[in-house]
Amino acid sequence: MLARVATSRKINVHRSIDRRAFNRFRILVPVLFRWADSAEHYDAGHSANVGVGGLFILTSKCPPVGTEVEVDFTIPAFDRIPRQLRFCCKGQVCRVETCHEIAGFAVVGRIGLVENEKQGHAIEEEVAAGLLTVSNVRQ
């Protein structure tokens, strides 16, 4: 019934539910993250998805919602980009999820190349174009 209503009204159900401003791509890479409250915290996990506006990290230790975090990760070389690239995201934890033994958190923030990795402004566009050819899924 819902599918019929959505079709007859031409409503894209997935678009109406997804509130992200940027596309996310399924990229599973190791990440290092850190945050500070009364103490400095450092931990590791894996990305579940990555986009220009943030990422979701799978890890056993999650910072609290609202915490400022810094996340570092490397995208390995692939056909469009012949060398690995290091990225950093400085942002805020907007969501923490746990389900049985799996936990993770979402970070909203701008992802960019690590400064000493940049070789001109065009490299970010090349990476974006390369990622679009690898996986064009909205997560």
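**Exercise 1. Find the bridge partner of Pro30 in β2, then describe how β1 and β2 are joined.**

Step 1. Pro30 has His46 as its bridge partner in β2. The model is predicted, so local features need pLDDT of at least 70 and side-chain atom pairs count only at pLDDT 80 or more, whereas totals for chains, interfaces and linings use all residues. Residues are numbered from 1 along each chain as its sequence is written, and side-chain values use heavy atoms, with hydrogens and water left out.

Step 2. Strands are DSSP runs (E, at least two residues), numbered from the N terminus. Strand β1 covers residues 30–36 and strand β2 covers residues 40–51. Two strands count as paired if DSSP finds at least two bridges between them; β1 and β2 have seven, in the antiparallel sense.

Step 3. Another position in this pairing is Leu32, which stands opposite Ala44 in β2. Three residues lie between β1 and β2, and the two strands form a hairpin.

**Exercise 2. Continue from β2 to β3, and state the order in which the strands close into a barrel.**

Step 1. β2 pairs with β3 in the antiparallel sense over five bridges. Val50 has Leu55 as its bridge partner in β3. The hairpin that joins β2 to β3 runs through two residues.

Step 2. Six strands close into the barrel, with antiparallel pairing, in the order β1-β2-β3-β6-β5-β4. From one strand to the next, the twist averages 40°. Axes for such angles are lines fitted to C-alpha atoms, and angles run from 0 to 180 degrees between N-to-C directions.

Step 3. As background, strands of a sheet pair through backbone hydrogen bonds, either parallel or antiparallel.

**Exercise 3. List the salt bridges of the structure and identify the residues linked in a network.**

Step 1. The criterion is a side-chain nitrogen of Lys or Arg within 4 Å of a carboxyl oxygen of Asp or Glu. The structure holds three such salt bridges.

Step 2. Glu70 and Arg34 meet at 2.8 Å, N to O. This pair links distant parts of the chain, with Glu70 in strand β4 (residues 68–75) and Arg34 in strand β1, 36 residues apart.

Step 3. Arg34 also meets Asp72, at 2.7 Å, N to O. Here strand β1 holds Arg34 and strand β4 holds Asp72, the two being 38 residues apart. Arg34, Glu70 and Asp72 are therefore linked in a network of salt bridges.

Step 4. The remaining pair is Arg95 with Glu97, whose closest N and O atoms are 2.5 Å apart.

Step 5. Check accessibility, where buried means under 20% relative accessible area, exposed over 50%, and partly exposed in between (1.4 Å probe, protein chains only). The relative values are as follows:

- Glu70: 23%, partly exposed.
- Arg34: 25%, partly exposed.
- Asp72: 22%, partly exposed.
- Arg95: 30%, partly exposed.
- Glu97: 38%, partly exposed.

**Exercise 4. Give the number of residues in the largest nonpolar core and the strands that supply it.**

Step 1. A nonpolar core is a set of buried Ala, Val, Leu, Ile, Met, Phe, Trp, Tyr and Cys residues joined through side-chain atoms within 4.5 Å. The largest one has 22 residues, and those with the most contacts inside it are Leu55, Ile57, Val71, Phe73 and Val107.

Step 2. At least two residues of this core come from each of β1, β3 (54–58), β4, β5 (85–99) and β6 (102–113).

Step 3. Take Ile57 and set aside its neighbours within four places in sequence. Ile57 is then in contact (heavy atoms within 4.5 Å) with residues including Val31, Phe33, Val71, Phe105 and Val107.

**Exercise 5. Classify the aromatic pairs Phe33 with Trp35 and Phe73 with Phe87.**

Step 1. Rings of Phe, Tyr and Trp (its six-membered ring) pair if their centres lie within 6.5 Å; planes under 30 degrees apart count as stacked, over 60 as edge-to-face and the rest as tilted. The whole structure has three aromatic pairs.

Step 2. The ring centres of Phe33 and Trp35 are 5.9 Å apart and the planes lie at 10°, so this pair is stacked. Both Phe33 and Trp35 are buried.

Step 3. Phe73 and Phe87 are also stacked, at 5.6 Å centre to centre with 15° between the planes. Phe73 in strand β4 and Phe87 in strand β5 are 14 residues apart, and the pair links distant parts of the chain. Phe73 and Phe87 are both buried.

Step 4. Ring pairs also link Phe33, Trp35 and Phe105 into a cluster.

Terms used
Helices (H or I, at least four residues) and strands (E, at least two) are DSSP runs, numbered from the N terminus.
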